[in-house]
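Hello,

Here is the structure we talked about. Please open it first and then read the notes below it.

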There are 2 protein chains.
Amino acid sequence: MMENILVIDDEEELRTTLVEVLVREGLAVQEAANADQALTMLKSAPFHLILLDMVMPGTDGMSAIPLIRKQAPRTRIIVMTAFASVQNAVHALQQGADDYIVKPFKIEALMLAVRRNLQKARFLDGEAVELDGVFHGLANAMRRQILLVLDRQGQSRFMDLVRLLEVEDHTKVNFHLKVLREAGFIEHGKDKTYALTAAGHRAASCLSFISGSLTP
Amino acid sequence: MMENILVIDDEEELRTTLVEVLVREGLAVQEAANADQALTMLKSAPFHLILLDMVMPGTDGMSAIPLIRKQAPRTRIIVMTAFASVQNAVHALQQGADDYIVKPFKIEALMLAVRRNLQKARFLDGEAVELDGVFHGLANAMRRQILLVLDRQGQSRFMDLVRLLEVEDHTKVNFHLKVLREAGFIEHGKDKTYALTAAGHRAASCLSFISGSLTP
DNA sequence: CTGCCTTGTGAAGAATACTTCACAACTCTC
DNA sequence: GAGAGTTGTGAAGTATTCTTCACAAGGCAG
């Protein structure tokens, strides 16, 4: 799937360079010379990522951020700022930008940021399965219990687990263990014990974070 | 539903007082004079909460914690320590205790801790609906998108939302909005716009926490 | 007022997820 | 090696969740 990028910069030379590089990377790129033009383009087609210059005649980059956000809340915005001012960058992020890069930059540095943000966008878009996996894993009360117990126990044999959970039907536990295993949260060691994987521990910590943040 | 509590303390007088108070609170209380006795009792019946004295002849409280944890990973453990030593308390928590209270304590202070921990236990047990609600809310990709968008937008009218999400069928969005509304995550203002509630913002922050913790 | 966009409901069906049951291999202990 | 407890599979049924469709009330511009 080709990903759409919009480059917003008033300097034609830089813009052209950027477009060239991005196209070579296999991305669909469009360009805008100012914020108003960009906003119009946003209306007609959605973009995955926007490269936004801060200093522009007319609506400047900083003011453009919330306007873009308003129309395209899921698009990743990378701001390009000529001043290595931390405040500037922080402010841009507060306005709703996702990342920033300081001019002048090397092309590789920019591409790194672009790739990172596209990946993040894909991830948040749910194209990456992982988020769904985590929520699927955590969506069920028994699976949460299993994660909780294994997080505390370290590891456990099957029937011990069943007893700790106080479940009558062991096959039910089995079912959920299989789900968790397929989600990559637990592993089944050679000694026949179940234990959390790294992902499992992360999921468990998500769980306790959520529990914590719900009891104020 | 009556909740089971186990009081572990070698001083008979204090133990009796505690039992009396807890029973008056409507709780099912059992008592043990030492750790070994307690561990035996744990085998036969599950407890929701354990009050554990630190200083005891034989196996002391600190060493008892992991043994109890091993057998009852979901039981809340409150340790009662006579020394107001922070290190002691921290160590106990590291061993797997959930809370601590410094002796001598007022009965009200203890009851506060007991109630707080029972509530937490209930919560983690899934008797409180809330956790399930959150996960149900977050379990679906479209609902996550909605939370994300509303978190960024602040508020949005229905068709705007539909367009931002790039969904063809508006009734599908409608369905998930209803789910989120019933979960208490969004509210439907009089001006016909949807916005996140406090719980909704919390859920959104859970979401971004999880997203963040999955991309290292 | 007419027509179009917005916003919403409810029911039917498709798709998933969960539970339960019947059964079997396997590992201990005696 | 007999028997009891452990561990696991798969199929069938049940419940829940999600999608889709058909339809309609209300608002607003021309």
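A backbone N or O atom of M159(A) lies 2.5 Å from a phosphate oxygen of DNA strand D. Keep in mind that this is a predicted model.

Two histidines of chain A also make contacts with DNA strand D. A polar side-chain atom of H188(A) is 2.9 Å from a phosphate oxygen of the strand. In H170(A), a side-chain N or O atom is 3.0 Å from a base oxygen of DNA strand D.

There are 18 residues around DNA strand D, and those that come nearest are M159(A), H170(A), H188(A), Y194(A) and H176(B). By class, this surface has eight polar, six charged and four nonpolar residues. Helix 8 (158-165) and helix 9 (170-182) of chain A, and helix 9 (170-182) of chain B, each supply at least two of its residues. Of the strand D atoms within 4 Å of the protein, 51% belong to sugar or phosphate, and the rest to bases.

Now the salt bridges, of which there are 20 over all chains. One of them joins E25(A) to R115(A), with the closest N and O atoms 2.4 Å apart. E25(A) lies in the loop between helix 1 (12-24) and strand 2 (28-32) of chain A and R115(A) in helix 5, so the pair ties together parts that are 90 residues apart in sequence. E25(A) counts as partly exposed because its relative accessibility is 39%.

In chain B, R116(B) forms a salt bridge with D99(B), the closest N and O atoms being 2.6 Å apart. D99(B) has 14% relative accessibility and therefore counts as buried, whereas R116(B), at 46%, counts as partly exposed.

Regards

Terms used
Residues are numbered from 1 along each chain as its sequence is written. Chains are lettered from A and ligands numbered from 1 in the order in which they are written. This is a predicted model: local features need pLDDT of at least 70, side-chain atom pairs count only at pLDDT 80 or more; totals for chains, interfaces and linings use all residues. Side-chain values use heavy atoms; hydrogens and water are left out. A residue is near a molecule or strand if one of its heavy atoms lies within 4 Å of it. A polar contact is a pair of N or O atoms within 3.5 Å; within protein, one must be able to donate a hydrogen and the other to accept it, and residues adjacent in sequence count only if both atoms are side-chain atoms. Helices (H or I, at least four residues) and strands (E, at least two) are DSSP runs, numbered from the N terminus. Ala, Val, Leu, Ile, Met, Phe, Trp, Tyr, Cys and Pro count as nonpolar, Asp, Glu, Lys and Arg as charged, and the others, Gly among them, as polar. A salt bridge is a side-chain nitrogen of Lys or Arg within 4 Å of a carboxyl oxygen of Asp or Glu. Buried means under 20% relative accessible area, exposed over 50%, partly exposed in between (1.4 Å probe, protein chains only).
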